[in-house]
Amino acid sequence: MSSVTSNWRQRRQAARTRRAIDRAVSRSGSPAMRDELLTMANSTQLFR
């Protein structure tokens with residue numbers, strides 16, 4: 001049962017992280033900042 005709970009928590013954390021990145025990208029002031037945010041998000045293992 002703990003692996004089910006752990007898996008659920010990991011999926012929820014990944015969803016929160018994706019939403020936070022989406023908000024940051026949508027609020028970015030310039031295309032350069034947007035690209036930098038996307039580069040950082042894609043270079044880490046945030047979605048795995």
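The legends below accompany several close-up views of a predicted model.

**View 1. The whole chain, built from two helices and zero strands.** This predicted model has 48 residues, and buried residues make up 15% of them. The accessible surface of the chain comes to about 4100 Å², and carbon and sulfur atoms account for 53% of that surface. The two helices are H1, which covers residues 2-27, and H2, which covers residues 31-43.

**View 2. A patch of positive charge on the surface, in which several arginines gather.** The residues that make up this patch are Arg-11, Arg-12, Arg-16, Arg-18, Arg-19, Arg-23 and Arg-27. One of them, Arg-12, is found in helix H1. The relative accessible area of Arg-12 is 32%, and Arg-12 is called partly exposed because this value falls between the limits for buried, under 20%, and exposed, over 50%.

**View 3. The salt bridge between Arg-34 and Asp-35.** A search of the whole structure finds one salt bridge, and in this view the side chains of Arg-34 and Asp-35 meet in a salt bridge with a distance of 2.7 Å from N to O. In general, side chains of opposite charge can pair when their charged atoms come close. Both partners can be described by their accessibility: Arg-34 counts as partly exposed at 37% relative accessibility, and Asp-35 counts as partly exposed at 40%.

**View 4. Asp-35 of helix H2 and its distance from Val-25.** Asp-35 is found in helix H2, which runs through residues 31-43. Although Asp-35 and Val-25 are ten residues apart in sequence, their C-alpha atoms are 8.4 Å apart in space.

**View 5. Leu-37 and the residues that it touches.** Leu-37 lies in helix H2, and when residues up to four places away in sequence are not counted, the residues that Leu-37 touches are Ala-24, Val-25 and Ser-28. Two of these names, Ala-24 and Val-25, can be found again in helix H1, since that helix is made of residues 2-27. A further distance to follow in this view is the one between the C-alpha atoms of Leu-37 and Asp-22, which are separated by 9.5 Å and stand 15 residues apart along the chain.

**View 6. Met-40, a partly exposed residue of helix H2.** The place of Met-40 is in helix H2, and its relative accessibility is 43%, so that Met-40 counts as partly exposed. Along the chain Met-40 and Ile-21 are 19 residues apart, while in space their C-alpha atoms are separated by 9.8 Å.

Notes:
Residues are numbered from 1 along each chain as its sequence is written. This is a predicted model: local features need pLDDT of at least 70, side-chain atom pairs count only at pLDDT 80 or more; totals for chains, interfaces and linings use all residues. Side-chain values use heavy atoms; hydrogens and water are left out. Patches are made of residues with over 30% relative accessible area and no salt bridge: like charges are joined within 9 Å, nonpolar side chains (Val, Leu, Ile, Met, Phe, Trp, Tyr) within 5 Å. Accessible areas come from the Shrake-Rupley method with a 1.4 Å probe; for residues, only the protein chains shown count as cover. A salt bridge is a side-chain nitrogen of Lys or Arg within 4 Å of a carboxyl oxygen of Asp or Glu. Lys and Arg count as positive and Asp and Glu as negative; His and the chain ends are not counted. The place of a charge is taken as NZ of Lys, CZ of Arg, CG of Asp or CD of Glu. Helices (H or I, at least four residues) and strands (E, at least two) are DSSP runs, numbered from the N terminus. Buried means under 20% relative accessible area, exposed over 50%, partly exposed in between (1.4 Å probe, protein chains only). Contact means heavy atoms within 4.5 Å.
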